[in-house]
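Please work through the exercises below with the sequence and the model open beside you, trying each task before reading its solution.

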Amino acid sequence: MKHILFNLKDCPPNLLDDEDFVRLCTWTAAKESKSELINISCHKFKPQGVTALAMLADSHLSIHTWPEKGIAMCDIFTCGDKCDPHKAVEYLGKIFKAKQIESDAFDRLL
């Protein structure tokens, strides 16, 4: 089981505040990690910010954005052997045009 907490920094605010874009990125990140996607829930905050949560058969993926700070705080937790959560991190860093990615990866044991 892998759990990666990661921050995408210095991202364009317009990407971070676009609910449809964040939803699509969440869907694609789940697919990139080879996770089975069950459901996505997304919420656009006023005046700004988006939260997206993907329920995965293997666990979950979350994205929380702060456009005013140019940051997205994310995590992906996978408990299957076929998944590669690092692929989701790599994809999201690229698609959100992050100039910096900070991450911590943890092996979770039962």
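The exercises that follow concern a predicted model, and each one is a task with a worked solution.

**Exercise 1. The sheet**

Task: Find in which order the strands form the open sheet, and state which strands are its edges.

Solution: Begin with the pairing, where six strands form an open sheet in the order β2-β3-β4-β5-β1-β6, with antiparallel pairing. Next look at the two ends of that order, where β2 (37–44) and β6 (100–107) are the edge strands, each of them pairing on one side only. From one strand to the next, the twist averages 10°. For a closer view of one pair, take strand β3 (residues 50–56) and strand β4 (residues 59–66), which run antiparallel and are joined by six bridges; within this pair, Ala 54 has Leu 61 of β4 as its bridge partner.

**Exercise 2. Helices on the sheet**

Task: Determine which strands are touched by helix α2, and which strands helix α3 lies across.

Solution: Take α2 (residues 19–32) to begin with: this helix packs on the sheet and touches β2, β3 and β4, and its direction makes about 155° with that of β2. Then turn to α3 (residues 85–95), which lies across β1 (2–9), β4, β5 (71–78) and β6 and runs at about 10° to β1. Finally, ask which residues of α3 are buried; they are Pro 85, Ala 88, Val 89, Tyr 91, Leu 92 and Gly 93, and they pack against β1, α2, β4, β5 and β6.

**Exercise 3. Two helices in contact**

Task: Describe how the axes of α2 and α3 cross, and list the residues that make the contact.

Solution: Two packed helices are described by the angle between their axes and the distance between the axes. Here the axes of α2 and α3 come within 8 Å and cross at roughly 150°, and the crossing is right-handed. On the side of α2 the contact is made by Phe 21, Cys 25, Thr 28, Ala 29 and Glu 32, while α3 contributes Lys 87, Ala 88, Tyr 91, Leu 92 and Ile 95. Sorting these residues by class gives seven nonpolar, one polar and two charged.

**Exercise 4. The nonpolar core**

Task: Identify which residues touch the most other members of the largest nonpolar core, and which element supplies its largest share.

Solution: The core has 29 residues, and those that touch the most other members are Phe 6, Leu 8, Leu 61, Ile 63, Ile 76, Leu 92 and Phe 96. At least two residues come from each of β1, α1 (13–16), α2, β2, β3, β4, β5 and α3, and the largest share, five residues, comes from α2. To see the surroundings of one member, follow Ile 76: leaving aside neighbours within four places in sequence, its contacts include Phe 6, Leu 61, Ala 88 and Val 89.

**Exercise 5. Burial and backbone**

Task: Decide whether Thr 78 is buried or exposed, then locate the cis peptide bond and the place of Asp 10.

Solution: Thr 78, found in strand β5, has a relative accessibility of 1%, and therefore counts as buried, the cut-off being under 20%. The cis peptide bond joins Lys 46 and Pro 47, with omega at about 10°, and Pro 47 is found in the loop between β2 and β3. Asp 10 is placed in the loop between β1 and α1, has a positive phi near 60°, and is partly exposed at a relative accessible area of 46%.

Definitions and conventions. Residues are numbered from 1 along each chain as its sequence is written. This is a predicted model: local features need pLDDT of at least 70, side-chain atom pairs count only at pLDDT 80 or more; totals for chains, interfaces and linings use all residues. Side-chain values use heavy atoms; hydrogens and water are left out. Two strands pair if DSSP finds at least two bridges between them. Helices (H or I, at least four residues) and strands (E, at least two) are DSSP runs, numbered from the N terminus. Axes are lines fitted to C-alpha atoms, for helices over the stretch in contact, and angles run from 0 to 180 degrees between N-to-C directions. Contact means heavy atoms within 4.5 Å. A nonpolar core is a set of buried Ala, Val, Leu, Ile, Met, Phe, Trp, Tyr and Cys residues joined through side-chain atoms within 4.5 Å. Buried means under 20% relative accessible area, exposed over 50%, partly exposed in between (1.4 Å probe, protein chains only). A crossing is left-handed if the near helix is turned anticlockwise from the far one by less than a right angle, and right-handed if clockwise. Ala, Val, Leu, Ile, Met, Phe, Trp, Tyr, Cys and Pro count as nonpolar, Asp, Glu, Lys and Arg as charged, and the others, Gly among them, as polar.
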